[in-house]
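Reader: I am in my first year and still learning to read structures. Could you take one part of this one and go through it closely with me?

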Amino acid sequence: MIIYDAGHPRVTRIKQIKKYFRITLAGIALLNLNCAQTSFPPHHLHRATSAETVSSPLAFDFNHDGRKEIVIGSFDGNCYLLDDSLRDLPAWPKFSHNGFFSSPALWHIDKSATPEIFIGSDNGALLGWHIDGSRARGFPITLEKQIWSSPAIIADSLIAIGGEGKMFVFNRNGNLAAGWPQEIRGWASASPAWHEDLLVIATLTRGETSRGYLYAWHLSGALYPNFPLHLEMDSDSSPSLADLDRDGQVEIVLGDDAGLLHAFRLEGNELPNFPRLLGEAVQASPAIADINDDGMLDLIIGTTDGALHAWNALGDCVLGWPARIGGEINGSAALARIANGEARIIVGAGNHRLYAFHSDGKIAKGFPMDCGDAIFSSPLVDDLDHNGMLDIVVGANNGIHLIKDQWPVYQGERKTAWPMFRHNAQRTGALE
Ligand SMILES: [Ca+2]
Ligand SMILES: [Ca+2]
Ligand SMILES: [Ca+2]
Ligand SMILES: [Ca+2]
């Protein structure tokens, strides 16, 4: 639905203004417009950024002190590396003109014990740094136009990222991998997903809404038969991969601006009962896990008209969902399991609030939390300081938020974890 202006780097800001205009017309949330919150409770840390932070965080213990550091980009020009008090590490942040929409990924490119940090920049480069702030050899790589796609790391040996008219794959030295780049129709503001011999991405056509495509390639660069698929409208939704019907082959799950949630097989057809119509537009990326322990994977995804949905692999709505928030959802949900075995589903919204839900769609105690500005970043849930309590990190248009010690960490064997944008710090978008 959005008219992308190639000359304007701040589409998110425009979207936000448009959305607020609509909200104002509806006579809702006027208080939030005029009274942005500037102070937060003691467990809610805030690091202000001078422009929107729509990039999504990851966490890793880079300096081996038993506490995880946070990496996140911002439109204020900085890629931040912060400790769990939101203080900069030495030699950070790293600056790039126009800043970052892209979310960082971790990649081991040398024999050091810590991974390197890679991210795409709004001014059209793929950047990579060691933890000491020095540049990774062979990086940055100048690509074309804006890069809003986030890098996906392929088997610790290659890096994939989408651009305007091209899909790129590079090796550790920053050289193009054999068979790449491949041409794509339109622009990938979405991020790629990778699983085994499959690399996928969705595209949109700037200035139009009716030309979105879904690409699926082998790592050789050869397309899967029947791809690319023409979507009804643009897609900003980063595809996620999981074997929904347990036939040994992953499906490709994504949304589009027609408001559809798709689940494509690698043959290019959809699973039975898909696509599902969810709402106005689906620009978020799906999070996938079995949230209600019925043995079937569930697809969690928000819509621009303010609902968070949960659908199972059969295309049925999970009982209790969708949750109607009323604020635009563009970020991906984070899914966690807590000590009593319950799932928590965490998502931010354009109405300034961070939400957490139980698996039955009921709001969790203490939520929603007011972050004082719109949230389009996808939250990370992790125990940063290793004190046995899960912490939440998320970007917002007023900066970076860390909400400490929400729930005790789950110690059992059952899996429910999609703890960050694209599932993991390699941003593969795939459920292993
Ligand atoms: Ca550390
Ligand atoms: Ca399958
Ligand atoms: Ca389920
Ligand atoms: Ca903690």
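Author: Here is a close look at one strand and its surroundings, followed by some other places to compare. Keep in mind that this is a predicted model.

Start with the whole chain. The protein chain has 32 strands and two helices. Its radius of gyration is 20 Å, close to the 22 Å that the globule rule gives for 432 residues, so the chain is as compact as a globular protein of that length. The C-alpha trace spans about 50 × 50 × 45 Å along its principal axes. Of the 432 residues, 55% are buried. Now look at contacts between residues with a separation of 6 or more: 51% of them link residues 24 or more positions apart.

Now the part itself. Find strand 4, residues 78–82. How many of its five residues are buried? Five of the five are, and the strand is mostly covered. Look at its two faces in turn. N78, Y80 and L82 lie on one side, and they are buried. C79 and L81 lie on the other side, and they are buried too. Both faces of strand 4 are therefore covered, given that a residue counts as buried with 20 or more other C-beta atoms within 10 Å of its own.

Next, the partners. Strand 4 pairs with strand 3, residues 69–73, in the antiparallel sense. Four bridges hold this pairing in the count. One link to find on screen is I70, whose bridge partner in strand 4 is L82. Strands 3 and 4 form a hairpin with four residues between the strands. In that hairpin, G77 takes a positive phi near 105°.

Strand 4 also pairs with strand 5, residues 94–95. These two run antiparallel and are joined by two bridges. Here C79 has K94 in strand 5 as its bridge partner.

Step back to the sheet. It is an open sheet of four strands, with the order 2-3-4-5 and antiparallel pairing. Which strands stand at the edges? Strand 2 (58–60) and strand 5 do. Each has a single partner strand, so one side of each is left without a neighbour in the sheet.

Follow the chain on from strand 4 and you meet L86. This residue sits in the loop between strand 4 and strand 5. Most residues other than glycine have a negative phi. L86 has a positive one, near 65°. Is L86 buried or partly exposed? It counts as partly exposed, because it has 17 C-beta neighbours inside 10 Å.

N273 makes a good comparison. Its phi is positive as well, near 75°, and it is not a glycine. N273 lies in the loop between strand 20 (260–264) and strand 21 (276–277). With 13 other C-beta atoms within 10 Å, N273 is partly exposed.

Now set a second hairpin beside the one you know. Strand 26 covers residues 334–337. A334 and A336 point one way from it, while L335 and R337 point the other way. All of these residues are buried. Strand 26 pairs with strand 27, residues 343–348, in the antiparallel sense over four bridges. The bridge partner of L335 in strand 27 is I345. This hairpin has five residues between the strands, and G341 in it takes a positive phi near 95°.

Stay with L335 for a moment. The largest nonpolar core has 124 residues. L335 is one of those that touch the most other members, together with L214, I300, A334 and I345. Set aside its neighbours within four places in sequence. L335 is then in contact with residues including A287, A289, I291 and I300. Its contacts also include A343, I345, T416, A417 and W418.

Last, two peptide bonds. Most peptide bonds are trans. The bond from W180 to P181 is cis, with omega near 5°. P181 is in the loop between strand 12 (164–171) and strand 13 (182–187). Another cis bond joins F227 and P228, with omega about 5°. P228 sits in the loop between strand 16 (212–217) and strand 17 (229–231).

Return to strand 4 to finish. Its residues are buried on both faces. Strand 3 pairs with it over four bridges, and strand 5 is joined to it by two.

Conventions
Residues are numbered from 1 along each chain as its sequence is written. Chains are lettered from A and ligands numbered from 1 in the order in which they are written. This is a predicted model: local features need pLDDT of at least 70, side-chain atom pairs count only at pLDDT 80 or more; totals for chains, interfaces and linings use all residues. The radius of gyration is taken over C-alpha atoms; the globule rule is 2.2 Å times the number of residues to the power 0.38. A residue is buried if 20 or more other C-beta atoms lie within 10 Å of its own, exposed if 12 or fewer, and partly exposed in between; C-beta atoms are placed from the backbone. Two residues are in contact if their C-beta atoms, placed from the backbone, lie within 7 Å. Two strands pair if DSSP finds at least two bridges between them. A nonpolar core is a set of buried Ala, Val, Leu, Ile, Met, Phe, Trp, Tyr and Cys residues joined through C-beta atoms within 7 Å.
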